[in-house]
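Subject: Structure handover

Hello,

Here is the structure we talked about. Please open it alongside this email and follow the residues as you read.

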Amino acid sequence: MKIPSAQQLKSIDKQTILKQGIASFDLMERAARAVFEAIREDILSKAPATSFTVIAGSGNNGGDGLALARMLFLSGITVQVYLYKKETYSADNLYNQQKLAELGIKMEYFDLSDQLSFDRNSVLVDALFGFGLTHALSEEWRGITEQINTCKNVISVDLPSGLRADGKTEKRNPVVRAQMVYTFQVPKVALLLPQSADSMEQFQVLDIGLDEEAVQEVETDVYYYTLSDAKKDLKKRRKFDHKGTYGHALIVGGSFGKIGAAMMSTKSALKTGCGMVTAYIPKCGYTAFQSYFPEAMVLTDAYDDHITSFPSVNLYSATGIGVGMGKVEETVAAFVLFLKKKKDTRLILDADAINILSENPELFDLLPTNTILTPHPKELERLIGTWTNDLDKIEKAKGFCAKYHCILLIKGAHTLTLLPSGKMYFNSTGNEGMATAGSGDVLTGILTSLLAQGYAAEKAAVFGVFLHGLAGDHAKKQYGAQSMTATDIISHLSDAYFTISDSDITF
Ligand SMILES: NC(=O)C1=CN([C@@H]2O[C@H](COP(=O)(O)OP(=O)(O)OC[C@H]3O[C@@H](n4cnc5c(N)ncnc54)[C@H](O)[C@@H]3O)[C@@H](O)[C@H]2O)[C@@H](O)CC1
Ligand SMILES: [K+]
């Protein structure tokens, strides 16, 4: 799914009105109706006596809030309405003010210095600003945003007010803190960035029927990867396929005390569907490996505790390097030698492989085209340098991908996959339970497997991240966020595939 910029959304909005032959207030009515239905399902179905306070701004976000207030009122819900006192309002905002007046619903005007007297236990609907915010809110707004933030339950319409859809918002700027954001049609970039964590707990995307063609015509490098994308990208298996069809993955990693990392990568590679998997590990892991996971083939290094040389990788369709590998001197030397040699395999580097790389920037140029790198924040910093905010981080990472023709994953709540072309995909699956030891090793196994199966590197990256998150979501459903572990993610890869392929029936 494309994520248009705020500017592009405005023009899609206009084209929708034009192409569908509706008035702009009809589109606003649709947006408000979508929020109303979501509130009905999420709140009123469980607590019908809930009362609401709507705080509306002067633009169309405020207009949405006013229309919603009317819908709540007409359903018999107690609703108090505050409207920002300004000389001018958007036309659809005025239209909705008039509608409220006709129904005798009182609007209280407020100024930035006012102390609002509303019931702190009501659900507060924040409809001050949406994607029309042109710059971060000035300090004058702090009084209002802080009063809103004293409420237990805040719902934001489209965006937490103060958060810019795709521009810079600093920690010091006044921003509303919402428990739930009902955002229209597409998640705005700000909702997907880690630095927005203080401004919202979760969001829901509400379809308001913006014109599909207008969305398709928009040129953007920013995408939100969802189930419908994964359904299209999934490679179907066919009756006459054999294990050779699905490639042979190689996992290189493990060291004394960290053999488990290589085990998890290897097992998840096979569970993701590659035909064969081989692990290359130090000798100390051999027995444990073979007893844990008989389907794997195991090659051992000459040394007991760590890797001192690399196998010939040309036999394998894809190679994942680094999980639990450690970075003692001999391992580093072996890895550097490996990078310097010509090789014919598709590559993914994780954990210690990235650490070694980042400590030796002269090696960056040796990365084969489309190598996938999956750094943690600290590792990422060593690759691209420090950043001032999430948008700055993305720009620097984009520069790195373009320069070295590689694919970078910025792992997190909405893992971002950056491609050398400049395109970027935010992931839509996954949960906080996946912040657990070994979760990254599982991802490396999944990505190596998909590369081995012949998925193009970009598809392997975005589809793999999605699959990993989806398996994690299934694991959370069974064990809960606290108790799920990385091996539970592996066990639920099958459920993730069932969800993507729409079927749990095999004939
Ligand atoms: N295409 C869509 O997705 C639709 C959007 N709608 C709503 O329309 C919103 C966008 O409406 P608008 O473009 O009117 O914008 P907003 O309502 O977000 O904000 C516009 C107002 O904010 C003021 N403003 C901007 N930056 C400011 C700043 N830093 N400090 C103080 N004031 C500032 C402007 O002068 C203007 O009065 C969306 O977020 C959504 O809620 C819906 O009504 C219908 C469809
Ligand atoms: K808002």
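Which strand and which helix each supply at least two residues of the lining of the second largest cavity? They are strand E17 (424–427) and helix H15 (457–483). Bear in mind that this is a predicted model.

Cavities

The search covered the whole structure and turned up 2 cavities of 30 Å³ or more.

The second largest has a volume of about 30 Å³. Its lining is made up of Tyr225, Thr415, Thr417, Tyr425, Phe426, Asn427, Val462, Val465 and Phe466. By type, that lining splits into 6 nonpolar and 3 polar residues, with no charged ones.

The largest cavity comes to about 70 Å³. Around it sit Leu163, Arg164, Ala165, Asp166, Gly167, Thr169, Val189, Ala190, Leu193, Gln195, Ser196 and Leu391. Here the split is 6 nonpolar, 4 polar and 2 charged. Arg164 and Asp166 are among the lining residues.

Ser199

Take a look at Ser199 next. You will find it in the loop between strand E6 (178–184) and strand E7 (200–206). Is Ser199 buried or exposed? Its relative accessibility is 7%, so it counts as buried. Leaving aside residues up to four places away in sequence, Ser199 touches Pro160, Leu163, Val175, Val176, Arg177 and Ala178. One of these, Leu163, also lines the largest cavity.

Cysteines

How many disulfides does the structure hold? The count is 0. Cys406 is in no disulfide, and the nearest cysteine sulfur, that of Cys401, is 4.7 Å away. A disulfide would need the two sulfur atoms within 2.5 Å. Cys406 has a relative accessible area of 0%, so it is buried. Cys274 is buried as well, with a relative accessible area of 5%. The cut-off for buried is under 20%.

Domains

The domain assignment gives domain 1 (6–218) and domain 2 (230–501). How far apart do the C-alpha centres of domain 1 and domain 2 lie? The distance is 41 Å. The two domains do make contact: domain 1 puts in 11 residues and domain 2 puts in 7 residues.

Where to start

Begin with strand E17 and helix H15 at the second largest cavity. Then go to Ser199 in its loop. Finish with the Cys406 and Cys401 sulfurs, 4.7 Å apart.

Best wishes

Methods
Residues are numbered from 1 along each chain as its sequence is written. Chains are lettered from A and ligands numbered from 1 in the order in which they are written. This is a predicted model: local features need pLDDT of at least 70, side-chain atom pairs count only at pLDDT 80 or more; totals for chains, interfaces and linings use all residues. Side-chain values use heavy atoms; hydrogens and water are left out. On a 1 Å grid over the protein atoms alone, a cavity is a set of points where a 1.4 Å probe fits but cannot get out, and a pocket is an open set with protein on both sides within 12 Å along at least five of seven lines; lining residues have an atom within 4 Å of a point. Grid points are joined across faces, edges and corners, and a volume is the space filled by probe spheres set on the points. Ala, Val, Leu, Ile, Met, Phe, Trp, Tyr, Cys and Pro count as nonpolar, Asp, Glu, Lys and Arg as charged, and the others, Gly among them, as polar. Helices (H or I, at least four residues) and strands (E, at least two) are DSSP runs, numbered from the N terminus. Buried means under 20% relative accessible area, exposed over 50%, partly exposed in between (1.4 Å probe, protein chains only). Domain bounds come from an automatic or database domain assignment. Contact means heavy atoms within 4.5 Å.
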